[in-house]
Amino acid sequence: MKIRLVIALLLTFGTLTTSAQTNKVSTHAGRKGIWVLCGDQLPKDFTYRILRQKGTESWIKLADLSFPKSKEEVQAEMQNSQLQANLDNVPLSDSKLTSVWQRLTDAVTIQIPNELKTDYSLRKASGNAWFDVTADSVTNYVYKVQMIGKKDEIIAENTSKEVSYPAKPFETNIKPLILKSINGIMVGEFELIDAGVMQTCKVFRSYYLRSGYEEIQGDVFFSVRDNKKIIQITDKTAVAKVPYTYSILPVDAAGNYGLPSPDLKAFNVADNTIIPSVYNFTTTSVEAEKAIKLSWKLKNTKDITAINVFKSATYNGEYRKVASLPATDTVFIDRFTRPIETYYYTIRLSGNYEQSPTSPRIPGILKASNANNFPPQNLSLVQDKNTVTLTWNKTENDTRAYYVYRANGRNGKMEQISKLIITDSSTVSYIDTLSANASSSMYAYAVADQNTSYAISPLSEPVFAYSQGVNTLPIPHNVIARIDNKQVQIIWPNMLAESPYIQGYVVYRRAKSIDGKIVETSKQLSQNLIGATVNNYTDNTTTEGMVYYYSVKTVADDQKTMSGPSLEAGITIQPNKVNEIANVRVFPSGKTVAIKWDNPIGDEIKTIKIIRTTDGKEGTEEIASLTATQQAFSDTKVTIGNTYYYQLQVENKVGKKSKLTEAVGVKMY
């Protein structure tokens, strides 16, 4: 049975420290976003406005928060924020909801009640907090909270410190005390020495012959005994005569997990020793399964409850348990191995209350077995006169080395030109120097890799270099394509700095549709030569919904001879679409239906349309066309007993419309 532990912990241990002060904004990073806490006051006669800033960018309005109109709205908003923030979804009971509503609407209550300050989902439902689910986890943000009066004037405003999410696991000090069985029910106790920022907790259980822990819905009770804070857990699902281990996982108000507590074990007796009986302990390489097979025999399994297998990377290193097996097993397959690496294994037997010494340590090795089917990727070439620099990316985790090949001509035979290049870098480079006296020629380069099984991959796709003797035309490199005022600008380095024999440039383009269909093969964009002192070109012939690829060649003094093409620079021109409305909530509010939503950020909204469908009737009807600033609407034209479904659509200032949102329904009682 799930229970709300936040209030229980507060009532037992006193109010924990909170950074929210009257009219002062604070933030708390959660697991899926950032909580913005507006201060102590409830927005009964004003509105909270939430704004966000990233770096030096402009402030963006996120939401306007107001006091709820009904207890049903409180329940709906609370559960919605629990879902967004990945908190436990725990609806309030009817009696608890009524009690909270009476507490909030009391005429003398103008500040958030103390017992609700650390219940962030209830604070959001009360209009006193906001959860920013649109935040990016790799970005730092600053938030501003404004108090807006009835005439839309700013009464006060406060700015938060810079914040990002997710938060790091927090620390507590929880000490296991005792675990006992009472009439078949497991009851355990922990001492809470230092709660840190803990507000609630989860209970996890592990038991005999199963690895890992599972969360259980045990009863949790907080108390104080002999001036010690005690957490008592009750597990009514325990099975008789099975050893159990329990651990507490602390949780803070934002739903972040702390570091788990030490284990509370079912047996707390000193280890004895049982006679070791493992013999014929051997290892075998199983290439087909990419694993090492361990096998053994036991003289007697009568008093043995488990066979524990330990593994280490070195003979005298740290041994970690990798398996706990039934006493009747005589084989274990270790699939977490790499070829040509030696591992060491040992076995320890366990009884109900005792353990054996470890068996002799034996080595195991997986023979080379991994195929190597994929060559290095993204091979690129930069040529500076007769110096050729190759760069490529590592493809697979088990790659250990590379070979570089070269051929004379496009279709010549590839010959190895490098020694074995051993490296674990994700990006690798190699420099080749062509003969300064070489005649005009073309060279093809490719790369292959070697994995830890010493298998060699196929050759990569070739790249090409060109030589015109001592006056080699350089190939443009670092070509960039970018969108500039709805046109595509292609930029490349000044190649005159690498060769004085350049007369100019030509640019080529090919195109695909976004779904991959070839629309245009490679063609020269401009028939006129681009001057040697110009290192950019603007393409104004593009259309939406296309992917374009651009390459550049240098042209010699004769205006005929060209270098090889540069590596292509690609750019996608997305169709201009309007973002949809998000997070639509619908719930009854007296004799009306309340509709709330979050407007898309960044779009120039013209209108927001609300479309309604009535269950049992054909067709839809548009019931409202609202301005861009509105994020709520009350449908007053409803009838008790009917079920209504609502969809919303945005139209921007250039007339484009978003998709309709998914239909959300409510039945009126």
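Here is a short chat about the salt bridges and confidence of a predicted model.

Visitor: What is the average pLDDT of the chain?
Guide: The chain averages 87 in pLDDT (the predictor's confidence in each residue, from 0 to 100), and 92% of the residues score at least 70. In this predicted model, local features need pLDDT of at least 70 and side-chain atom pairs count only at pLDDT 80 or more, while totals for chains, interfaces and linings use all residues. Residues are numbered from 1 along each chain as its sequence is written, and side-chain values use heavy atoms, leaving out hydrogens and water.

Visitor: And how many salt bridges are there?
Guide: The count comes to 29, taking a salt bridge as a side-chain nitrogen of Lys or Arg within 4 Å of a carboxyl oxygen of Asp or Glu.

Visitor: Which residue does arginine 406 pair with?
Guide: Its side chain meets that of aspartate 432, at 2.7 Å from N to O. Arginine 406 lies in strand S27 and aspartate 432 in strand S30 (strands are DSSP E runs of at least two residues, numbered from the N terminus), so the pair ties together parts 26 residues apart in sequence.

Visitor: Is aspartate 432 buried or exposed?
Guide: Aspartate 432 is buried, at 9% relative accessibility. Buried means under 20% relative accessible area, exposed over 50%, and partly exposed in between (1.4 Å probe, protein chains only). Arginine 406 is partly exposed at 25%.

Visitor: Switching over, what about arginine 612?
Guide: Arginine 612 forms a salt bridge with glutamate 621, with the closest N and O atoms 2.6 Å apart. Arginine 612 is buried at 8%, whereas glutamate 621 is partly exposed at 36%.

Notes:
Helix = DSSP H or I, 4+ residues; strand = E, 2+ residues; numbered from the N terminus.
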